[in-house]
Each structure stands twice: as C-alpha cells, then as structure tokens.
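Please look through the sequence and the model shown below. The report after it describes the fold, the charged pairs, the surface and a pocket.

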Amino acid sequence: EREREREREREEGVSMASKQSGLSSYVNLIISIITNDGRHIIGTLRGFDQATNLILEDGKERMYSLDQGVEEQELGLYLIRGDCIAVVGEVDEELDEKID
C-alpha cells in the first residue's frame with residue numbers, strides 16, 4: 001500500500017511541476033483565463049503558486065451578450081483560485097485590439 005501511495009505522489013509531483021513550468025512562461029504577459037463557471041478574465045500574470053492560484057494585474061472580466069455585445073468590467077489586482085481555472089492562454093495583443 002505504501003508503494004502505491006509513493007507512486008501516486010510521484011505522478012502528482014510530475015504533473016504539478018509541468019503545470020508550474022508551463023505557467024512560468026506566461027509571467028509578465030497578458031493572459032486569458034476561462035473559469036469553470038464560464039467567466040472570461042484577462043490580465044497580466046504577475047505570479048502563481050503550487051496550487052495554481054494566479055495573481056493578475058489590471059484584470060478585466062469580459063462579458064458577452066447578444067443584446068449589448070462585449071462589455072468589460074475592471075477588476076484591478078485580482079487573485080484567481082487554481083481550482084476555479086479551466087483554461088489559460090496567452091493573449092495576442094495586436095489581434096485583441098482589432099476585435100470589437
């Protein structure tokens with residue numbers, strides 16, 4: 001039983017390390033986050049921890065509506081819990097500015 005537990009810890013350690021090394025390439029870049037409840041948040045990634053909690057600077061939530069189009073709500077400095085995150089990606093700033 002201890003051997004199975006050690007193997008599980010090794011597997012989790014590898015996956016956590018790969019998540020962290022992936023996020024480190026996004027530090028100081030503008031990123032887009034989709035949360036598990038469907039929210040779309042954009043901001044500059046300033047840091048993260050081992051639980052994949054993210055610290056965003058100049059955060060904004062984009063809200064999409066058929067009637068009103070896209071609205072943005074300023075969030076400022078914003079912390080997102082890692083267990084709420086579904087997708088993280090880099091924003092192409094040039095392309096983002098062209099989109100209405």
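## Charged pairs and their surroundings

Glu 72 and Arg 62 are joined through their side chains by a salt bridge, with 2.7 Å from N to O. A salt bridge here is a side-chain nitrogen of Lys or Arg within 4 Å of a carboxyl oxygen of Asp or Glu. This pair links distant parts of the chain, as Glu 72 belongs to strand 4 and Arg 62 to strand 3, 10 residues apart. Arg 62, Glu 72 and Asp 96 form one network through salt bridges that share partners. Arg 62 is buried, at a relative accessible area of 16%, whereas Glu 72 is partly exposed at 43%. Buried means under 20% relative accessible area, exposed over 50%, and partly exposed in between (1.4 Å probe, protein chains only).

The model is predicted: local features need pLDDT of at least 70 and side-chain atom pairs count only at pLDDT 80 or more, while totals for chains, interfaces and linings use all residues. Residues are numbered from 1 along each chain as its sequence is written, and side-chain values use heavy atoms, with hydrogens and water left out.

The whole structure has 5 salt bridges. Side chains of opposite charge can pair when their charged atoms come close. Three of the pairs are listed here.

| Pair | Closest N to O |
|---|---|
| Glu 72 and Arg 62 | 2.7 Å |
| Glu 57 and Arg 46 | 2.6 Å |
| Arg 39 and Glu 61 | 3.0 Å |

Arg 39 and Glu 61 form a salt bridge. The two lie 22 residues apart, Arg 39 in the loop between strand 1 (30–35) and strand 2 (40–48), and Glu 61 in strand 3 (residues 54–65). Glu 61 is buried at 11% relative accessibility, while Arg 39 is partly exposed at 26%.

A salt bridge also connects Glu 57 with Arg 46. Here strand 3 holds Glu 57 and strand 2 holds Arg 46, 11 residues apart. Glu 57 is partly exposed, with a relative accessible area of 30%, and Arg 46 is partly exposed with 39%.

## The chain as a whole

The protein chain has 2 helices and 5 strands. Its elements follow the order α-β-β-β-β-β-α from the N terminus. Helices (H or I, at least four residues) and strands (E, at least two) are DSSP runs, numbered from the N terminus. Of the 100 residues in the chain, 23% are buried. Among contacts (heavy atoms within 4.5 Å) with a separation of 6 or more, 42% are between residues 24 or more positions apart.

## Surface and pocket

The accessible surface of the chain is about 7300 Å², and carbon and sulfur atoms hold 47% of this area. Areas come from the Shrake-Rupley method with a 1.4 Å probe; for residues, only the protein chains shown count as cover.

What lines the largest pocket? Its lining includes Ile 30, Ile 42, Arg 62, Glu 72, Val 91 and Asp 96. Strand 2, strand 3 and helix 2 (93–98) each give at least two residues to this lining. A pocket is an open set of points on a 1 Å grid over the protein atoms alone, where a 1.4 Å probe fits, with protein on both sides within 12 Å along at least five of seven lines; lining residues have an atom within 4 Å of a point.
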